[in-house]
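Colleague: I'm in my first year and still learning to read models like this one. Could you take one part of it and go through it closely with me, step by step?

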Amino acid sequence: MAQDTLTITDNRTNLTYSFPIEKETVRAMDFRQIKTGPEDFGLMTYDPAFMNTASCRSSITFIDGERGILRYRGYPIEVLAEHCSFLEVAYLIVFGDLPNEVELKNWTNEITHHTMLHETTKKFMEGFRYDAHPMAMLVSTVAALSTVYPEARDIHDTNNRLRQIKRLIGKMPSIAAMSYRHSLGFPYVYPDNDLNYAENFMNMLWKMVEPKYVANPVLARALDILFILHADHEQNCSANVARSVGSAHADPYLTTAAAAAALSGPLHGGANEEVLKMLDEIGSKDNVPAYVKKVKDGHGKLMGFGHRVYKNYDPRAKIIKWTAEQVFQVTGRNPKLDVALELERIALEDDYFIKRKLYPNVDFYSGIIYQAMSFKPEMFTVLFAIPRTVGWLAQWQEMLTDSEQKIARPRQIYTGHDVREFLPMEKRASAPAAAD
Ligand code: ACO
């Protein structure tokens, strides 16, 4: 018998089955052969929250959570963050290889030409309340782009797909900046095609009456690095949503909006906003031990700590810490950094966190940088969504071109009633009267 197989004996029938093992994985569908009789549906696997289920094959991002390794298309994140621009990395993620000079020039040119938004988007944005959460504005506005580009529904046309990918990468900063200016009551700023991706975003955020916005190069590079770090992260919650919604052949705008909605949750991308709230609540270094004790006693979580995949230091958090030092040389040191460093120090020495392998994740330090750059915490997840759009679209495209993929549709273990007798209204037990 070949070695790369799994042999299972079903003790109900004493029958033995052998299944191939490929890349440390067995196929869940093989288990359906395991039956007690011809009427039996066959065995299923039960895996709430996908703790141990591979839902796809992917060649985009590699993570080794035990060793704290992250690579896009084979390149270590540290190397990309040091040597590349965000659009260079976006090209790599979408196409699979780093661009040469001409390819990067053309790609940059094309993305830059898609930064303008249709004028109706302004009217749409004006409809939001002044205090609407920027993430909710972003999700709704991205979905609304579906009404502007109905041709995007032709998802099987490779060129059409690519056009929408470029549009979305180009327009995301414009929508994000609009939502920011809306919440401040400032007029919207049009993109400036002379500027690079991060600089142009800063221009749309912060330009006031000066004729030409000039971005601080250290802050622009820091933002670009943060974009690189957030560009993809294999099958995370929002990428899984992008694949799942996309598997029903929804258009890329609605698919991206759905993924962004998942990102907004505090257990996912929304954690960076929660970290700042937590650091505010802690207030000073002296209060850290009491806060950690509270968490260990089961009252809340240490936001920005823990990860489904990383059981070691998140490699992105290391780069963010380094980037924070560069930013603080321009903006001055954010005093919250000292509270965060103390929190990390105490948590990493504590048995509770050591035993559970809980380390700082990407969200732990990013908010401190964003705040030093003068962003409000409500904007933090929006800043995450801009680069992650690249990952969502690469995952979406990979899913659509994978002949093994179909509409995503899990099974369930039904725990409800067996068939019940219907009772007409007059025979149903009367409910207690509703309280005033
Ligand atoms: N603080 C305190 N305890 C924690 C934390 C935390 N941040 N995270 C996990 N734990 C504990 C759990 O209570 C659990 O303890 P138990 O075994 O005694 O029940 C154990 O560690 C395992 O945690 P799970 O919740 O089972 O781990 P899971 O993989 O399901 O969750 C998650 C991962 C959601 C990221 C979790 O660690 C968490 O909620 N962290 C805080 C939110 C956060 O920072 N999210 C951002 C993640 S990165 C990203 O999405 C971009």
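Modeller: Happy to! One idea first: a helix axis here is a line fitted to C-alpha atoms over the stretch in contact, and the angle between two axes runs from 0 to 180 degrees between their N-to-C directions. Keep in mind too that this is a predicted model.

Let's warm up with a pair of helices, α4 and α5. Helix α4 covers residues 119-126 and helix α5 covers residues 134-148. Their axes come within 11 Å and cross at roughly 145 degrees, and the crossing of α4 past α5 is right-handed. On the α4 side you will find Thr120, Thr121, Phe124 and Met125, which meet Met137, Ser140, Thr141, Ala144, Leu145 and Val148 of α5. Sorted by class, that contact has six nonpolar and four polar residues, with no charged residues.

Now for the part I'd like you to look at closely, helix α6. Find residues 158-184 and you have α6; residues 380-400 form helix α17, and the two axes come within 9 Å, crossing at roughly 170 degrees. An angle over 145 degrees counts as roughly antiparallel, and α6 and α17 are therefore roughly antiparallel to each other. The crossing of α6 past α17 is right-handed. From α6, the contact takes in Arg161, Ile165, Leu168, Ile169, Met172, Pro173 and Ala176. From α17 come Val382, Ala385, Ile386, Thr389, Val390, Leu393, Trp396, Gln397 and Leu400. By class, the contact of α6 with α17 has 13 nonpolar residues, two polar ones and one charged one.

Helix α6 has another partner, α3. The axes of α3 and α6 are 8 Å apart, and the two helices pack at an angle of about 70 degrees. That makes α3 roughly perpendicular to α6. Trp107, Glu110 and Ile111 of α3 make this contact with Lys166, Ile169 and Gly170 of α6. Those residues divide into three nonpolar, one polar and two charged. Try finding Ile169 on your screen: this residue of α6 takes part in the contact with α17 and in the contact with α3.

Next, follow α6 to an enclosed space. The structure holds two cavities of 30 Å³ or more, and the largest cavity has a volume of about 140 Å³. Its lining is made by 14 residues, and nearest its centre lie Leu117, Met178, Tyr188, Val189 and Tyr190. Both α4 and α6 give two or more residues to this lining, and α6 provides the largest share, four residues. By class, the lining of the largest cavity has eight nonpolar, three polar and three charged residues.

The second largest cavity holds about 40 Å³ of space. Around it you will see Thr112, Thr115, Leu195, Asn196, Tyr197 and Asn200. This lining has two nonpolar and four polar residues, and no charged residues.

Two of those names turn up again when we move to an open space. Asn196 and Tyr197 line the second largest cavity, and they also belong to the lining of the second largest pocket. About 160 Å³ of space lies in that pocket. Besides those two, its lining includes Ser85, Phe86, Leu87, Leu104 and Thr108, and also Ala198, Ala220, Arg221 and Asp224. Helices α2 (86-95), α3 (101-112), α7 (197-206) and α8 (217-229) each give two or more residues to this lining. The most comes from α8, with three residues. By class, the pocket lining has six nonpolar, three polar and two charged residues.

So keep α3 in mind as you turn the model: α3 packs against α6, and α3 also gives residues to the lining of the second largest pocket.

Terms used
Residues are numbered from 1 along each chain as its sequence is written. This is a predicted model: local features need pLDDT of at least 70, side-chain atom pairs count only at pLDDT 80 or more; totals for chains, interfaces and linings use all residues. Side-chain values use heavy atoms; hydrogens and water are left out. Angles under 35 degrees count as roughly parallel, over 145 as roughly antiparallel, 65 to 115 as roughly perpendicular and the rest as oblique. A crossing is left-handed if the near helix is turned anticlockwise from the far one by less than a right angle, and right-handed if clockwise. Contact means heavy atoms within 4.5 Å. Ala, Val, Leu, Ile, Met, Phe, Trp, Tyr, Cys and Pro count as nonpolar, Asp, Glu, Lys and Arg as charged, and the others, Gly among them, as polar. On a 1 Å grid over the protein atoms alone, a cavity is a set of points where a 1.4 Å probe fits but cannot get out, and a pocket is an open set with protein on both sides within 12 Å along at least five of seven lines; lining residues have an atom within 4 Å of a point. Grid points are joined across faces, edges and corners, and a volume is the space filled by probe spheres set on the points.
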